[in-house]
Amino acid sequence: MNEKDASPVVNGLLLIHKIITRGLTVSLQKCEEYLENKAVPASEAAGFTTFVSTLTKVAHSHHLSEDEISFPYFRDYLEAPFDRLMEDHQSISHILDRIGRYLPDLTKDEITGLHDTLKEFQAMWVPHIQIEEENFTVQKVQERVSMKDQIVIAKKMAAHGSRNSGPGPLALPFLFYNLEGMDRDTFMKSFPLIVRKILVPVIWKSRWEPMSPFLL
Ligand SMILES: [Fe+2]
Ligand SMILES: [Fe+2]
């Protein structure tokens, strides 16, 4: 067992941060490419809109699950600037709403607006997760939170996430395929076999396939 496996809560936190960070980076890179070419290719428009919209839902859902599940619990056991982190969640939530408003019709002006708003998200996101990852380390969480409680929190976070991340046929492939290698294997392990082997890769594939140029 490696160190990360030892804390289901920290492991889950690091992986969802990786997923959102990659989703955000790809969205920004694609906006830059589209601006350079002065348009979104027709073959990518629907998939890109779905990708960015799913990114906003997954990010919002992650923040809700921190506000409602992990932070209230951690407050009793760990030191961290919880109020600042929760204020960041509020500010980011407004930015995510603004991102969503650019998506229905991606003209050149809308892509510029989308790009600038994604940059605002990134400017808050990067320091925000740095604070979380410095305060909620494997060592601190292992020392102060029992394994029994960590398993309960990790399960509650996963259930909460699946209720709030938008439709499963889009949210799950977004989560799975913004990760690769061991990270993907570790993340997917917590989902039932039918979801990993049949629903996402086969039954739901036509729903999420337009997003595939942006996924790993
Ligand atoms: Fe957060
Ligand atoms: Fe977080």
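Start by selecting Glu180, which is partly exposed because 13 other C-beta atoms lie within 10 Å. The rule behind that word places C-beta atoms from the backbone and counts the others within 10 Å of a residue's own: 20 or more is buried, 12 or fewer is exposed, and in between is partly exposed. Glu180 sits in the loop between α7 and α8. Now add Ile19 to the selection: Glu180 and Ile19 are 161 residues apart in sequence, yet 9.9 Å apart in space, C-alpha to C-alpha.

Before you go on, a word about the model. It is a predicted one, in which local features need pLDDT of at least 70 and side-chain atom pairs count only at pLDDT 80 or more, while totals for chains, interfaces and linings use all residues. Residues are numbered from 1 along each chain as its sequence is written, and chains are lettered from A and ligands numbered from 1 in the order in which they are written.

**The whole chain**

Zoom out and colour by secondary structure. You will find 10 helices and zero strands, with the elements running α-α-α-α-α-α-α-α-α-α from the N terminus on. Helices here are DSSP runs of H or I with at least four residues, strands are runs of E with at least two, and both are numbered from the N terminus.

Turn the C-alpha trace around: along its principal axes it spans about 55 × 40 × 25 Å. The radius of gyration of the protein chain is 18 Å, which agrees with the value near 17 Å for a compact globule of 216 residues. That radius is taken over C-alpha atoms, and the globule rule is 2.2 Å times the number of residues to the power 0.38. Buried residues make up 31% of the 216 residues. Among contacts between residues at least 6 apart in sequence, 84% join residues at least 24 apart; a contact means that two C-beta atoms, placed from the backbone, lie within 7 Å.

**The core**

Next, select Ile20, Leu55, Val58 and Ile99. Of the 44 residues in the largest nonpolar core, these touch the most other members. Helices α1, α2, α3 (82-102), α4 (108-135), α6 (147-164) and α7 each supply at least two residues of this core. Such a core is a set of buried Ala, Val, Leu, Ile, Met, Phe, Trp, Tyr and Cys residues joined through C-beta atoms within 7 Å. In soluble globular proteins, nonpolar side chains tend to be buried together.

Keep Leu55 and show what surrounds it. Not counting residues up to four places away in sequence, Leu55 touches Ile20, Gly23, Leu24 and Ser27.

**Helix α7**

Select residues 168-176, which form α7. Its buried residues are Leu170, Leu172, Pro173, Phe174, Leu175 and Phe176. They pack against α1 (8-37), α2 (42-74), α8 (181-189), α9 (193-203) and α10 (205-208).

**Where α1 meets α6**

Show these two helices alone. Their axes come within 8 Å and cross at roughly 30 degrees, the axes being lines fitted to C-alpha atoms over the stretch in contact, with angles from 0 to 180 degrees between N-to-C directions. That makes α1 roughly parallel to α6, a term for angles under 35 degrees. To see the contact, pick Pro8, Val9 and Gly12 of α1 with Gln150, Ile151, Ile153, Ala154 and Met157 of α6. These residues divide into six nonpolar, two polar and no charged.

**Three last stops**

- Lys38 lies in the loop between α1 and α2. It has a positive phi of about 65 degrees although it is not a glycine. With 8 other C-beta atoms within 10 Å, Lys38 is exposed.
- Ile92 lies in helix α3 and counts as buried, with 20 C-beta neighbours inside 10 Å. Leaving aside neighbours within four places in sequence, Ile92 is in contact with His63, Phe121, Met124 and Trp125.
- Asp67 lies in helix α2 and counts as partly exposed, with 16 C-beta neighbours inside 10 Å. Beyond its neighbours within four places in sequence, Asp67 is in contact with Met86 and His89. Finish by drawing a distance from Asp67 to Ser53: their C-alpha atoms are separated by 21 Å.

Notes. Parallel < 35°, antiparallel > 145°, perpendicular 65-115°, else oblique. Nonpolar A, V, L, I, M, F, W, Y, C, P; charged D, E, K, R; others polar.
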